[in-house]
Amino acid sequence: MIALDQLTKVYFAATIPFGSSIEVTSWFNLVHALNEGAAFSLFADAGGWQRWFFITVGILVVAPITLISLFKHAEPLERLVGALIVAGGTGNLIDRMFTGAVTDFLDLHWRGLHWPAFNLADVFIVLAVIGWGLMSLPHSPPKTRSEP
């Protein structure tokens with residue numbers, strides 16, 4: 001997943017000029033954007049300190065989740081959620097470490113409203129949050145038939 005994230009970022013950064021977009025559908029574009037901030041470009045114009053802050057946060061999130069995912073006996077869904085978080089966090093961490101900004105290339109829009117551009121690492125993180133939410137839902141054990 002990390003390789004797929006990095007390869008797609010490199011590909012779209014090389015094929016779409018920075019700041020440009022390619023219309024795919026009436027509601028989806030491919031773009032070349034850089035985000036120096038966090039989700040939704042939060043702190044993007046903070047003056048540079050945010051790069052090191054987000055690198056530190058990324059390491060503090062990715063390292064323990066990697067270790068827990070590797071060594072804890074976990075259910076398959078728990079392992080998948082851990083892998084998605086690690087892949088997404090590492091993909092964006094690599095960008096921050098080497099370029100100072102995260103490369104985004106997916107752009108969803110509808111009737112003039114644009115969702116902030118994002119990338120596969122972001123998709124992985126969102127899928128992990130959904131998986132985590134599903135895992136936290138209460139579930140009752142299957143009912144067994146009582147014998148007469």
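This tour moves through a predicted model, from the whole chain to selected strands, rings and single residues.

**The whole chain**

Begin with the full chain in cartoon representation. Four helices and four strands are present, and from the N terminus on the elements run α-β-β-α-α-β-β-α. Of the 148 residues, 34% count as buried. If a surface is switched on, it represents about 10,000 Å² of exposed area, of which carbon and sulfur atoms supply 71%. Among contacts between residues at least 6 apart in sequence, 60% join residues at least 24 apart.

**The strands**

Next, select strand S1 (residues 21-25) together with S2; the two run antiparallel and are joined by four bridges. They form a hairpin with two residues between them. Within this pairing, Glu23 stands opposite Asn29 in S2.

Keep S2 selected and add S3. These strands also run antiparallel, with six bridges joining them, and Leu34 stands opposite Thr103 in S3. Where does S2 lie relative to the rest of the structure? Six of its eight residues are buried, so S2 is largely enclosed by the rest of the structure.

**The nonpolar core**

Now show side chains for Phe12, Leu30, Phe105, Leu106, Leu120 and Phe124. These are the residues with the most contacts inside the largest nonpolar core, which has 13 residues. Strand S2 (28-35), helix H3 (76-99), S3 and helix H4 (120-136) each supply at least two residues of this core.

Centre the view on Phe105. Leaving aside residues up to four places away in sequence, Phe105 touches Thr8, Lys9, Phe12, Asn29, Leu30, Val31, Phe118, Asn119 and Leu120.

**The aromatic pairs**

The chain contains three aromatic pairs. Select Phe12 and Phe105 for one of them: the rings are stacked, 4.6 Å centre to centre, with 20 degrees between the planes. Phe12 lies in helix H1 (residues 2-15) and Phe105 in strand S3 (residues 102-110), so the pair ties together parts that are 93 residues apart in sequence. Both Phe12 and Phe105 are buried.

For another pair, select Trp27 and Phe28. Their ring centres are 6.1 Å apart and their planes stand at 45 degrees, so this pair is tilted. Is Phe28 buried or exposed? Phe28 counts as buried because its relative accessibility is 17%, under the 20% cut-off. Trp27, at 47% relative accessibility, counts as partly exposed.

Return to Phe12 and Phe105 and add Tyr11; these three residues form one aromatic cluster.

**His114 and its surroundings**

Select His114, which lies in strand S4 (residues 113-114). Which residues does His114 touch, not counting those up to four places away in sequence? They are Asn29, Asp107, Leu108 and His109. With side chains displayed, a polar contact of 3.3 Å can be found between those of His114 and Asp107. Add Trp27 to the selection: His114 and Trp27 are 87 residues apart in sequence, yet 9.0 Å apart in space, C-alpha to C-alpha.

**The loop between S3 and S4**

Finish at Arg111, found in the loop between S3 and S4. Its phi is near 50 degrees, a positive value in a residue other than glycine. Arg111 is exposed, because its relative accessible area is 72%, over the 50% cut-off.

Technical notes: Residues numbered from 1 in each chain as written. Predicted model: local features only at pLDDT ≥ 70, side-chain atom pairs only at ≥ 80, totals over all residues. Heavy atoms only, no water. Contact = heavy atoms within 4.5 Å. Polar contact = N/O pair within 3.5 Å; in protein donor to acceptor, adjacent residues only side chain to side chain. Phe/Tyr/Trp six-rings, centres within 6.5 Å; stacked < 30°, edge-to-face > 60°. Buried < 20%, exposed > 50% of the residue type's maximum accessible area, 1.4 Å probe, protein only. Core = buried A, V, L, I, M, F, W, Y, C linked by side-chain atoms within 4.5 Å. Areas by Shrake-Rupley, 256 points an atom, 1.4 Å probe, with all protein chains shown as cover. Pairing = 2+ DSSP bridges.
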